[in-house]
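I opened a fresh page for this model. My plan is to look up charges first, then rings, then single residues.

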Amino acid sequence: MSNNQKKTPCDTCGQNPQGRLKRLGVEIEKSDYVIALAGNPNTGKSTVFNSLTGLKQHTGNWPGKTVGRAEGGYIFDGSKYKMIDLPGTYSLMSTSEDEEIARNFILFGKPDVTIIVVDAGRLERNLNLALQILEITDKAVLCVNLIDEAKRHNIEIDTRTLSKELGIPVVATSALRGIGIADLLKTVDEVAKGEIKCTPHRIKNVPKKIETEVKKIQDKIENLYPNLPNSRWIAFRLLDGDRDIIKAIENGEFINDK
Amino acid sequence: MNKEDQINQLISEAAETRWEIGQEFHDKLSESIYSNAAEIAEKTVLKDHEKENFNLDRAIDRIVTSPIWGFPIMFLVLAIVLWLTIVGSNVPSEFLASILLDNVYVFLKAQADLVMPWWLSGFLIDGVFLCLAWVISVMLPPMAIFFPMFTILEDLGYLPRIAFNLDKLFRKSGAHGKQALTMSMGFGCNAAGVVATRIIDSPRERLIAIITNNFSLCNGRWPTQILLSSIFIGAIVPDEYKTLIATAAVIGVALLGIGLTFLVSLFLSKTFLKGEVSTFTLELPPYRKPRILQTIYTSLIDRTLIVLWRACVFAAPAGAVIWLVCNIDIGDQSIAIWMIEGMDQFGWLVGLNGVILLAYILAIPANEIVMPTILMLTVMTTSIAGYGEGNGVMFELDSMSNTHDVLVAGGWTFLTAINVMIFSLIHNPCSTTIYTIYKETASTKWTAIASILPVIMGFLACFLITQIANIL
């Protein structure tokens, strides 16, 4: 973070998006936008969180460091952002406590933007979670973190193709050294304000037999709640016997969707 | 058809379909997601295979998680950290003590006696200030050395390797492999370790992890171990081996704690908390070069100062209470003497004494203040020191050897030191941890078990050690 605090001419230049950043720490009573920070364990989510909010959530190099969720805030370009650091998970399809916290927040908390942090060096494995998140929300930004470390291992990510494949903006960062944070802020801002439209990737190659069953359930859900962006995912969860989702449908928690 | 019926129909239809496609659904969907991810990664990850020759991380992992070298390396790392702490904290400890006790205390006491009644100067200077001074001089140097080193290990990525090495033992004990991580957190702070057990999904295994976390020596107890080991155990060998033996003793206690973690886990999983061991995947993260200076800075600010502050917050009122129980008389002697005498017989039976037991009661809020409390109670209730009482010989508690002299004057022997080290490992968690356990388990019963079980075990252990020592 110390990288960001140096006052060089670049930092105060109007062209530098980061010059428009004001870290708020935990002062986040009213906010214009809510940002969720999701990702696999040990991808540097907490470091991204710290560099945006100016908070000093303890980070450590072992999976599962963030238990529960942390909140912070910042002002960018006049808009007030509240940011929720979700626990790191490998998937959203099991019933462990941290997966439920992450899943429920993205589903019911309806964040304006979800930042999905992935490790550039382990992109394939990390994409599993990213693809699941994209079934739930269509306003997301992929943050390919730890690019410097990946580079050391001679790995590079074609972010343009990745963005095209996933249908969401992709930003390469190294949060630890402050690389790409300015870009991330600007992209999140643009997605939140609707300046960038996302057309997220939806899971393909589902066996025909299953896909038809899913479609049937999905149509029923859409009949009940016409404006739901994630009816397919809810159909997935219903077929998986997810009790939380069944309960939410019974309570009508999906009705007030935007 | 109204909405409610539609909803019920939807749910029952989903349930029916679920029976038809069954388990296959979850697996097939996972497969689709994996194949999608692989496809995208194929297109976007550019790997330079030419340069990809030697993977340092994997090479290191092969050594530090190897069946042969894994454990010796773990012990070696622990030994180096402790040895550096013991060697390094000696000088600053003496320095702080000579400033705070020899100079500031004497000065403050002289000034206070001029302007305050004796009871107020006693309460403030002999009670509150003296306890604070002891906490700072005894606790600060080891913490300031131990924490940054521990944090560097954590940032480096060594903790998951420890978890990997210990996983098998934990599973054999009927506990969750991730307990290795929460146990490691406990070496920092038990309350933090208890909170960290949230990473364990199964309630049964989580309870085991919560109850046994107390056997990880926390940062409130490391200094007690290091201090006693330096002045009693190091003293029985020639000077050149002193720190080595002292380090070995502290490691021994820490390992005993780990051993007890396994034993108690096994006991619980065979009796009250029977059940299957759940499997999990543990990712070994890449090693990351820790940013040494920043780590030292943040671990000093985040951990050392916070822990020290906590110790001071508890030490100040504890100092006041100590002074009060030592100076308020019931009948012909002070409350402290009554309590100490009341517990003395039981204390000696288990190889401790009344002062130590009273100190452990007064120090329930924070383990950090056990040693300072013992020292204060000893000087105030025996006639050896000039502190507080104003008579007797003036002791200069500015070096370890003088701490040794005070404790010996209080009736300590080598055996007492061993017993206190053992009891410091095996006794009730501090009040913060107890409260955290209650919050995490929401159960009075488990909180009570987690609090009382270790005390009973501790007394038993000390009793056995003492009786065996007496026979020998």
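Which residues are linked with Arg103(A) in a network of salt bridges? I note first that the model is predicted. I then find Arg237(A), Asp240(A), Asp242(A) and Asp244(A) in that network, together with Arg103(A).

**Entry: salt bridges**

I ran the search over all chains, and the structure holds 22 salt bridges. The general idea is simple: side chains of opposite charge can pair when their charged atoms come close.

I took Arg103(A) with Asp242(A) to start. Their closest N and O atoms are 2.6 Å apart. Arg103(A) lies in helix H4 (residues 97-108) of chain A. Asp242(A) lies in the loop between helix H10 (231-239) and helix H11 (243-251) of the same chain A, so the pair ties together parts that are 139 residues apart in sequence. I looked up exposure for both partners. Arg103(A) has 2% relative accessibility and counts as buried. Asp242(A) is buried too, with a relative accessible area of 5%.

Next I checked Asp244(A). Its side chain meets that of Arg103(A) in a salt bridge, at 3.4 Å from N to O. Asp244(A) is in helix H11 and Arg103(A) in helix H4, so this pair ties together parts of chain A that are 141 residues apart in sequence. Asp244(A) is partly exposed, at 23% relative accessible area.

**Entry: a bridge between chains**

Which residue of chain B meets Lys220(A) in a salt bridge? I find Glu13(B), with an N to O distance of 2.6 Å. Lys220(A) lies in helix H9 of chain A and Glu13(B) in helix H1 (residues 3-21) of chain B, so the pair joins two chains. Lys220(A) is partly exposed, with a relative accessible area of 28%.

**Entry: Ile203(A)**

I moved on to a loop residue. Ile203(A) sits between helix H8 (181-192) and helix H9 (208-224) of chain A. Is Ile203(A) buried or exposed? I read 5% relative accessibility; the cut-off for buried is under 20%, so Ile203(A) counts as buried.

I then listed contacts, leaving aside neighbours within four places in sequence. On the chain A side, Ile203(A) is in contact with Leu131(A), Glu135(A), Arg232(A) and Phe236(A). On the chain B side, Ile203(A) is in contact with Ser32(B), Ile33(B) and Asn36(B). Leu131(A) is 72 residues away along the chain, yet its C-alpha atom is 6.9 Å from that of Ile203(A).

**Entry: Asn50(A)**

I found Asn50(A) in helix H3 (residues 45-53) of chain A. Asn50(A) is buried, at 2% relative accessible area. Gly72(A) is 22 residues away in sequence, and the C-alpha atoms of the two are 8.5 Å apart.

**Entry: aromatic pairs**

How many aromatic pairs does a search of the whole structure find? I get 11 over all chains. One of them is Phe267(B) with Phe272(B): the ring centres are 6.1 Å apart and the planes are at 80°, so the pair is edge-to-face. Phe267(B) is partly exposed, at 44% relative accessible area. Phe272(B) is exposed, at 58%. I also noted a cluster linked by ring pairs: Phe346(B), Tyr360(B), Phe423(B) and Phe459(B).

**Entry: chain B as a whole**

I closed with totals. Chain B has 19 helices and 3 strands. Of its 472 residues, 52% are buried. I took the contacts with a separation of 6 or more, and residues 24 or more positions apart account for 76% of them. Chain B exposes about 21,100 Å², and carbon and sulfur atoms supply 67% of that area.

Technical notes
Residues numbered from 1 in each chain as written. Chains lettered and ligands numbered in written order. Predicted model: local features only at pLDDT ≥ 70, side-chain atom pairs only at ≥ 80, totals over all residues. Heavy atoms only, no water. Helix = DSSP H or I, 4+ residues; strand = E, 2+ residues; numbered from the N terminus. Buried < 20%, exposed > 50% of the residue type's maximum accessible area, 1.4 Å probe, protein only. Contact = heavy atoms within 4.5 Å. Areas by Shrake-Rupley, 256 points an atom, 1.4 Å probe, with all protein chains shown as cover. Phe/Tyr/Trp six-rings, centres within 6.5 Å; stacked < 30°, edge-to-face > 60°. Salt bridge = Lys/Arg side-chain N within 4 Å of Asp/Glu carboxyl O.
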